[in-house]
Structures are given as structure tokens and as C-alpha cells.
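Reader: I'd like to practise reading a model feature by feature. Could you walk me through one?

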Amino acid sequence: LETCSSRCGSAPTCAAETPAMVAPVDLHKILGELATPGTRTVSVRKLAQVLTQLGESAFSEHTLSSALTADGVKRDDRGGVSIEDFVAWAFGGSAPAKEDLGRVWNFSAGPSMMPLEVLQTMHGEFFNYRGTSGSCVMELSHRSKEMINITAECEKDFRDLLNVPTEYKVVFQQGGASGQFAAIPMNMMGTKGKADYLVTGRWGELAWKECEKFGSSNAACIAKASKYTHIPKPEEWTLDPGAAYVHYCVNETVHGVEFNFIPAVGDVPLVADVSSNIMSRPIEFRKHAVVYAGIQKNMGPAGLATTVIREDVYSGKDRLRICPTILDWKATADSEQMPNTPACWNLYAMGEYLKYSKKVGGVPYWDELSTAKSVLLYDTIKASGGFYTCPVEESCRSRINVPFIISGNDSALTKKFLDEAKKVKLFQLAGHRSVGGIRASLYNGMPMEGVQCLTDFMKAFYDENRS
């Protein structure tokens, strides 16, 4: 413990003056179990105990506290030190890195990569939620005070982050966004019996086809002829002013098409699927009647959907009699998200992700990062002189899901790219089975470092394989 010993002596020194000790492989796990419940901070007293157990000499709380203060290590309101700051200070940053944990850069379209800090928090209290419940969240009763608080905090943080108006209800339902494909017509079709869909990709198409089971489903526009590489101009749409609602998917994960405007549909209620770009940019709720999302892209694990519903729609006046309770928006909201046993673990994971989002700066932070990541990737594609190409019209290219092909969609080069990418820990880059090619999904959990690794690899692969 040479570095720690020198720092905790009478004259604390800088890390450069002494060689850094390599931290134990399970240090993050050890500290995570000692952290204050619900945080990633550990008291100085416990940190002193850890250092004493790891070394041959004793470290007092007072001595360690003085050394931390002298080196300007930040504390929280209770005097605790973040695990990451402590490791960097005490061990010269030599604690197990992402690679040492066996982690890869996961560019999957969903379920997606989550921030490591969120996973570490959940890992630290997996067996004993908050260190006081004596149970894992998966074992808690949904009627317990802990689970009720988890659910309430989750909704509050969601509302805070996205500035959801008070006159809109928020419901959490199982089944993901695909479950909402059925919930939407069953809660909104009413006596009109018809709805319009703007079909600009695979998920808009699936929602449109699901609606056919409950009434007349009109594709007011459909871009399938162009293989979903553009958004038809609004003047080409065939909207029905008598429709119960108009539905559109704001960002298509398969084809990489993203709306950068809100459709003007008159007085007809507008419904938006924001599954793959929620939390990456602000949402104008008052221009929509319903906004919904599966949480497995930017808010947590798969299996849960969050739906935001304007008060007049929430009333249930247009709900079909066949609508099951499990998909009834009003029944879910009126029962405080618990018409049955909810997806407790998903709500907990979502809540931790939302807390982390608040910590790093909320939607403005993710918005700025999404732009920076996508610009870096698109610029790399453009700079390749046609070796890499993106098939989507530039005006509607997604910042979140970036599809591209190699050398005119050369299958051998594509396979080689995917195989060699894995050697540098770049995974889940294959395009959707219906499209092929390459696709990189840049959700909030993917840090800038991961995208930089991808673009560095792309440049090296280009240099090696260009003709």
C-alpha cells in the first residue's frame, strides 16, 4: 500500500511521486457492498477500515480524512466519498477497468448497453435492497413500502426529466412497446373505428398491422418502396380528419430513420412511439395525445412500457369493451400502477437509470451527447469516400441507430468487419436480419469512448481493405 501510505502520512504526496498499487480485482464489489444504500459513496470510516484490511498498517478515520481533504477529493453532504474518486485517489486509477470486468462495447439495438454505474449500484444491493430490506427487489411484495416507494420515485423522476405536464397521466405496463401497439386502438378507437398510421419503418409497420385487428387501419403514408430510407413529404400523406388518432414512430431502430419535426394532423389526436430516442431529446407532450416507449433502449431492461396520456384520452371514453384490464390505461393509473403484480425488477432498474440520468445532467446532457456521438460516426462514414455508405436520406438520419454498408454491401467484407470487430470488443454490430449490413445503436448507455473505439476500428479496417 505504498501510494496510500504515503498519502495518509504527515505530508500527503501526489500520486506521481510513488508507484501506484494495483487494486484487488473485486475492489469495486467490496466497496459497493459498503456504500450508503442507494448511492455509490462510502463513509471515510469504512474506507479506512478497508485500507487497514488490505495493508499491514492501520489507517485511522482522522488521518484518511485529512489526506483526502488535502488532495481535494470531493465529499457528498454526509462526508462520503464516491467509489470511483476513492479508487482513483488511493490506487492511482489502477482499479479494475471495464475490460477487467469482461465488458464489451455493446451496440445492440435493444436490449441495450446500460451505464456501468447503474449496473454497479444494482449489483451492490442485489441481495439486500438498500441494505435494510433483507431481500432482493425481485423478492419484495409489490405492496411493500419499498416497492411502492420505488414505483412512485420512478414516476416522479420520469416526469421531472421529461417535464411531463401535470394534466398527463403516466402508466407503466408490461409487454413493452409491442403491447402498446394493441393498447392504443383498444383505448382510443372508440366508435370511429378507424385510425391513420405514418409508416416509415418496421416498427411503424408492425403497429399499423396490429391495429387492423381492432378496426380500419389506414397507412396515410408508407415508405416501403424506398426500403424505408426516407420520410414521405407531409403533402403526400392521405390523412383522414375523421380518424380516431394518427400514429407515428419517431425513430425507427431497424432502418435508422428519425423524425426531426412533429406531424401536423389538425384536431386528430397524435400518438408517438418514442421507444428508441426517449431521453435523448426533449418531447413536446402538449402536441401529442399519447407518447409511449419500451424502456429497453434508454431507461432499463426489456419488458416494460411507459405511456404518457392526455387527460381526455385517459378518461376511457373511447376504450373498446374488449380491452383487457392489463392494457387498460385508466385501470393502471387508477390503481397506482398496480392492477396486478407489476414488473418490480424492471421498475427498480428503470428508477436507478433515471436517477443516474438526473445525476449526469438529464435530457440536455443526453441530447448533447447523442449529437456528438452520431456526428463522429457519420463523419467517419462520409470521410471514407464511399467505402462506407449510409442508405438513409441525410435529412432524416437517426442520431440513435446508424445503419451503413461496406463497399456496396459486399457480404464477404461485412462478415470480415463483424468478425474482426469482436476482437477489439465491438459487439452486436450486424444490421437487422431484414436489412443486413452494419448497424450501430448509440443509446445513452453507450459512452463516447465506445463510439471512438468503433470509428478508430472503422478507419483501420478501411485502410486495410480499400481497393
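**Reading rings, strands and a helix**

Author: Let's start with the aromatics: searching the whole structure, which is a predicted model, turns up 21 aromatic pairs.

Reader: How is a pair like that described?

Author: The general idea is that two numbers describe a pair of aromatic rings, the distance of the centres and the angle of the planes. Take Phe181 and Tyr292, an edge-to-face pair with 6.5 Å centre to centre and 85° between the planes.

Reader: Which parts does the pair of Phe181 and Tyr292 tie together?

Author: Phe181 sits in helix H8 (residues 176–188) and Tyr292 in strand S11 (residues 290–294), so this pair ties together parts 111 residues apart in sequence. Both Phe181 and Tyr292 are buried.

Reader: Can I try the numbers on another one? What are the values for Tyr388 and Phe404?

Author: Sure. Their ring centres are 5.7 Å apart and the planes stand at 90°, so this pair is edge-to-face. Tyr388 belongs to strand S13 (residues 388–389) and Phe404 to strand S14 (residues 401–406), which makes the pair a link between distant parts of the chain, 16 residues apart. Tyr388 and Phe404 are both buried.

Reader: Which residues form the aromatic cluster?

Author: Phe387, Tyr388, Phe404, Phe417, Phe457, Phe461 and Tyr462 form one cluster. Keep Phe457, Phe461 and Tyr462 in mind for the helix later on.

Reader: What about charges over rings? Which residues lie over the faces of Tyr314 and Trp203?

Author: Over the face of Tyr314 you'll find Lys169, at 5.0 Å from the ring centre. For Trp203 it's Arg202, at 5.7 Å from the ring centre.

Reader: Back to S13 and S14. How do I read the sheet?

Author: In general, strands of a sheet pair through backbone hydrogen bonds, either parallel or antiparallel. Here 3 strands make an open sheet, ordered S13-S14-S16, and the pairing is antiparallel. S13 and strand S16 (438–441) are at the edges with a single partner strand each, so each has one side without a neighbour in the sheet.

Reader: How many bridges join S13 and S14?

Author: S13 and S14 pair over 2 bridges, in the antiparallel sense. One residue to look up is Thr389, whose bridge partner in S14 is Ile405.

Reader: Now the helix. What do I check in H15?

Author: Try length, then burial. Helix H15 (residues 448–465) has 18 residues and reaches 26 Å from its first C-alpha to its last, close to the 26 Å expected at 1.5 Å a residue. Its buried residues are Gly450, Val451, Leu454, Thr455, Phe457, Met458, Phe461, Tyr462 and Asn465. They cover an arc of only 160° around the axis, which puts them on the same side of H15.

Reader: What does Gly450 touch?

Author: Setting aside residues up to four places away in sequence, Gly450 touches Trp105, Phe107 and Leu426. Its relative accessible area is 0%, so Gly450 is buried. Gly450 and Lys373 are 77 residues apart in sequence, yet 9.3 Å apart in space, C-alpha to C-alpha.

Reader: And Cys211: buried or exposed?

Author: Buried, because its relative accessibility is 0%. Cys211 lies in helix H9 (residues 202–211). Beyond neighbours within four places in sequence, Cys211 is in contact with Pro185, Met189, Ala195, Tyr197, Ser217 and Tyr245. As for Cys211 and Ala421, they are 210 residues apart along the chain, and their C-alpha atoms are separated by 40 Å.

Methods: Residues numbered from 1 in each chain as written. Predicted model: local features only at pLDDT ≥ 70, side-chain atom pairs only at ≥ 80, totals over all residues. Heavy atoms only, no water. Helix = DSSP H or I, 4+ residues; strand = E, 2+ residues; numbered from the N terminus. Expected span 1.5 Å × (residues − 1). Buried < 20%, exposed > 50% of the residue type's maximum accessible area, 1.4 Å probe, protein only. Arc of directions from axis to C-beta. Phe/Tyr/Trp six-rings, centres within 6.5 Å; stacked < 30°, edge-to-face > 60°. Lys NZ or Arg CZ within 6 Å of the ring centre and 35° of its normal. Pairing = 2+ DSSP bridges. Contact = heavy atoms within 4.5 Å.
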